[in-house]
Amino acid sequence: MQDYSATVQLLKQRLKEHILILDGGMGTMIQGYKLEEADYRGERFADWHCDVKGNNDLLVLTQPKIIEDIHYEYLKAGADIIETNSFNATTIAMADYEMESINHEINLEAARLARRAADRMTAETPDRPRFVAGVLGPTNRTATISPDVNDPGFRNITFDQLVDAYTESLDGLITGGADLILIETIFDTLNAKAAVFACEQYFDDHNLRLPLMISGTITDASGRTLSGQTTEAFWNSLRHAKPLTIGLNCALGPKELRQYVEELSRIADTFVSVHPNAGLPNAFGEYDESPDEMLSEIAEWVDSGFVNVVGGCCGTTPDHIRVIREGIIEKAPRQIPDLPIECRLAGLEPLNIGSQTLFVNVGERTNVTGSARFRRLIKEGDYETALEVARQQVDNGAQIIDINMDEGMLDAEAAMIRFLNLIASEPDISRVPIMLDSSKWEIIEEGLKRIQGKGVVNSISLKEGEEKFIAQAKLIRRYGAAVVVMAFDEAGQADTYE
């Protein structure tokens, strides 16, 4: 494994001095080749038992020259960072083509092809090093939203399954030579938290650390992700990853994306990236915004000091990237703001607790030890009425809701999972952060796997010793939660400040 510390320092230095250019739409370029089923199959998969046309990631194995040529076209157009052709390369998404078994190989080859193109361009212009971003896409499933309209508590993917899938893909990308990891087109923050968890776990296990780029998707004019979060809630939920860049891409064109880029620039204490579509899709699902039209929008962002990395998503081509780069490359990059230290929590909406914040109300009625009515409802399996208890808490001013299922006659773990899944489908409730309350660590951990926002763990202490305390604290951070620390150790409750 290579040492990435030099890469990180070089990237940070270049980001401070220049706006870096990301590449454009890989799928857009592939469409231009008008490939048919036989082209996707190649010789190796000529007899594959189901159709594979549309599996663009497979082309790194069956049409590697096409993919490498596209990378090189973007590099010639001025891209500093190119993305691996691995957007759908997880075992979860590859199941559509029954190709889960070759997923690792696809990621490996995707990184190798991009690496080769980047190294070739760096050799031609050694004063401008090029970088490879290993892409982890969102998968085609969501951990926060039920696919069954009749059962809002049902999920067809779990956090652990996402972590496993992302870990396999990540290994291929890193082994193939990626310089950094791009978790992009995030429509569900819980999926992204699983990707971050996989990265952090992998980095620790392999004693290395690559920079992370994280990019979310605002799906429509509501200004929210598909799973309902605002831009600031999205950032609060993922800032524990300490990403090199946080950004937005896809779904919208530059005109529609501007206000959210401005907001992200204001609230993020790291570099900001953006790669929008070439406008909104027309009646045929195509993108019509010209390079010059995109430049006029993006140049205004740059002049306003909003961005550090700029590229393109659906509908963009090397021509778009070339025109955008030429139009903004001499301009100054965004300066990272110096923000006050605050406790930054999130449900669907942010909750920031700073030095000027007044009393924060925690709703305790969704706690089986604090409410006889709630305990009875959960015991009877009347989750619909139990949700009303939570909704009343929020309506009456609770800024956080505390959820506790610790009761001798309950399967507390199953009750916690069910209730959290149901809350996720209720925006009136899930707009506030969640406090997970249990004396059992395994219940806390199952809860952390079901919260897309930044919640609070209540609580951990030194009662069982320093080693266990540190292990739990590290895991809570990896899951992206805040924590209440109780002043207990093996000897009992603290009775002096010291």
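The following exercises, each with a worked solution, concern a predicted model.

**Exercise 1. Cysteines**

Determine how many disulfides the model contains, and explain the result for Cys 250.

*Solution.*
Step 1. A disulfide requires two cysteine sulfur atoms within 2.5 Å.
Step 2. For Cys 250, the closest cysteine sulfur belongs to Cys 314, at 3.8 Å, and the pair is therefore too far apart for a bond.
Step 3. Cys 313 is likewise in no disulfide, since the nearest cysteine sulfur, that of Cys 250, lies 3.9 Å away.
Step 4. The count for the model is zero disulfides.

**Exercise 2. Burial of two cysteines**

Decide whether Cys 250 and Cys 313 are buried or exposed.

*Solution.*
Step 1. A residue is buried if its relative accessible area is under 20%.
Step 2. Cys 250 has a relative accessible area of 16%, so Cys 250 is buried.
Step 3. Cys 313 has a relative accessibility of 11%, and therefore Cys 313 is buried.

**Exercise 3. Helix H19**

Compare the expected span of helix H19 (residues 466-479) with the distance between its end C-alpha atoms, then describe its surroundings.

*Solution.*
Step 1. The expected span is 1.5 Å times one less than the number of residues.
Step 2. H19 has 14 residues, so a span of 20 Å is expected.
Step 3. The end C-alpha atoms are 20 Å apart, in agreement with this expectation.
Step 4. The buried residues of H19 are Phe 469, Gln 472, Ile 476, Arg 478 and Tyr 479.
Step 5. Their packing partners include helix H8 (159-175), helix H9 (189-206) and strand S15 (482-489).
Step 6. After H19 comes Gly 480, which has a positive phi near 85°.

**Exercise 4. Two pockets**

Describe the volume and lining of the largest pocket and of the second largest pocket.

*Solution.*
Step 1. The largest pocket holds about 760 Å³ of space.
Step 2. Its lining comprises 30 residues, and among those nearest its centre are Gly 25, Met 26 and Cys 314.
Step 3. Helix H2 makes the greatest contribution to this lining, namely four residues.
Step 4. Sorted by class, the lining of the largest pocket consists of eight nonpolar, 17 polar and five charged residues.
Step 5. The volume of the second largest pocket is about 650 Å³.
Step 6. This second pocket is lined by 25 residues, with Glu 200, His 240, Ala 241, Lys 242 and Pro 243 closest to its centre.
Step 7. Helix H1 (5-17), H9 and H19 each give two or more residues to the lining of the second largest pocket.
Step 8. That lining has eleven nonpolar, two polar and twelve charged residues.

Definitions and conventions:
Residues numbered from 1 in each chain as written. Predicted model: local features only at pLDDT ≥ 70, side-chain atom pairs only at ≥ 80, totals over all residues. Heavy atoms only, no water. Buried < 20%, exposed > 50% of the residue type's maximum accessible area, 1.4 Å probe, protein only. Contact = heavy atoms within 4.5 Å. 1 Å grid on protein atoms, 1.4 Å probe; cavity = no way out; pocket = protein on both sides within 12 Å on 5 of 7 lines; lining within 4 Å. Points joined across faces, edges and corners; volume = space filled by probe spheres on them. Nonpolar A, V, L, I, M, F, W, Y, C, P; charged D, E, K, R; others polar.
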